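Reader: I would like a close look at a single part of this model. Please take the small open sheet and its surroundings, and give the cut-offs as you go.

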Amino acid sequence: MLRLKMTFIAAFTVLAASIAECADFQVVTKSDDAEEFARIHLAGPISEGDAANLDELFRRELIGYYADTHYVTLTMDSPGGSYSEGLKLMDLFRELQIATRVSENASCMSACAIAFMGGSRILANTFSTSRTVEPGGKLGFHAPSLNLEAESLVPAQLLQTSYAEALSAIAGVLERRDQFEIQTSLVERILSTPPSETYILETVDDFARWGITVDLDQSSWQPDAEDIARMCLNTAIWRSGSSVAKFDKSMQTQQGARIQEERVDDWSSKVRFHEPSGQSGIRTVFAFASEQGMEISTCVVKLVAFRGQWHPSVFWSDSSPEVAIAAAKQSNSNEGTYMLHALPHDFQIEALR
């Protein structure tokens with residue numbers, strides 16, 4: 001496959017008809033990441049025609065220059081703009097396997113955040129979401145607006161048209177939930193946040209339950225019993241898109257119920273580590289915790305050491321620890337769990353800058 005032998009920067013400005021401000025795309029055909037070939041940067045408002053022009057730019061400058069083991073990332077810094085165009089960009093990201101990222105000190109709001117959720121890549125012939133926020137970057141959602149001038153009388157026809165466009169944008173998000181692994185709870189949050197406000201993701205709880213990666217340095221992370229317990233208990237809630245904070249609050253209203261951190265302490269004492277003997281090459285450790293009562297509940301965390309970092313996968317079972325570990329050994333499932341899931345659910349991501 002043809003490879004570029006030099007680094008170059010190609011600036012491309014989107015000219016959207018009848019719109020004064022529009023997104024600016026800049027392509028850098030070199031990345032420091034061993035698996036990432038290039039980065040594209042999006043800056044400015046998202047406007048009609050952006051998806052078509054990005055598609056043209058991508059196919060002209062990048063298509064054919066990277067192997068299947070590499071991918072392209074789009075870094076995003078935008079206040080938002082056209083929701084309908086944001087949905088088109090979302091679809092384009094999947095079609096072209098473009099991962100999305102919000103860098104430190106950048107922000108991606110409104111329609112930009114909708115487009116961001118389309119970040120994708122193909123790994124081992126399997127589609128996966130690839131959307132990352134660096135600590136210090138801001139990602140914010142709100143419901144689509146009617147795009148009407150404030151404090152002015154609006155003709156009924158224009159009002160109806162604007163309302164129909166807003167409904168269409170909402171329907172577009174709903175239609176893409178399964179395809180892009182968008183949790184129903186995120187859609188509910190978007191719809192419940194008026195256009196005059198913005199829900200900005202801040203805590204581990206937000207990022208983990210909505211499947212958004214936080215770029216963390218976990219090179220020195222050595223998972224302990226508390227990490228295992230927290231991953232087990234929190235992940236069980238996050239997989240349904242639910243909030244640990246909301247679960248915690250509901251538990252506190254029930255007489256005698258323990259809050260989440262108390263449950264973490266209790267499960268920490270139950271965690272046991274099991275390292276298979278005779279291994280060579282990639283190191284794998286299994287950690288498990290189990291409750292015996294009316295029903296058996298076992299959580300197994302498979303920890304694989306790769307490139308100097310631990311990569312965990314969480315498995316729940318209603319079997320004994322021995323049977324649950326045996327099943328985890330046979331599984332090729334990778335839930336994308338990592339150090340973020342071992343942090344307290346209310347931990348502020350900003351503190352990791």
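Author: The answer below starts with the sheet and moves outward to the side chains around it. This is a predicted model, in which local features need pLDDT of at least 70 (pLDDT being the predictor's confidence in each residue, from 0 to 100) and side-chain atom pairs count only at pLDDT 80 or more, while totals for chains, interfaces and linings use all residues. Residues are numbered from 1 along each chain as its sequence is written, and side-chain values use heavy atoms, with hydrogens and water left out.

The sheet is open and has three strands in the order β6-β10-β11, with mixed pairing; strands are DSSP runs of E, at least two residues long, numbered from the N terminus, and two of them pair if DSSP finds at least two bridges between them. Its edge strands, β6 (107-109) and β11 (199-200), each pair on one side only. Three parallel bridges join β6 to β10 (residues 138-141), and Cys108 stands opposite Leu139 in β10.

Phe141 touches Ile114, Leu186, Tyr199 and Leu201, among others, not counting residues up to four places away in sequence; contact means heavy atoms within 4.5 Å.

Tyr199 also forms an aromatic pair with Trp210, 6.0 Å centre to centre and edge-to-face at 70° between the planes. Rings of Phe, Tyr and Trp (its six-membered ring) pair if their centres lie within 6.5 Å; planes under 30 degrees apart count as stacked, over 60 as edge-to-face and the rest as tilted. Tyr199 lies in strand β11 and Trp210 in the loop between α6 (204-209) and β12 (213-214), so the pair ties together parts that are 11 residues apart in sequence.

Methods. Helix = DSSP H or I, 4+ residues; strand = E, 2+ residues; numbered from the N terminus.
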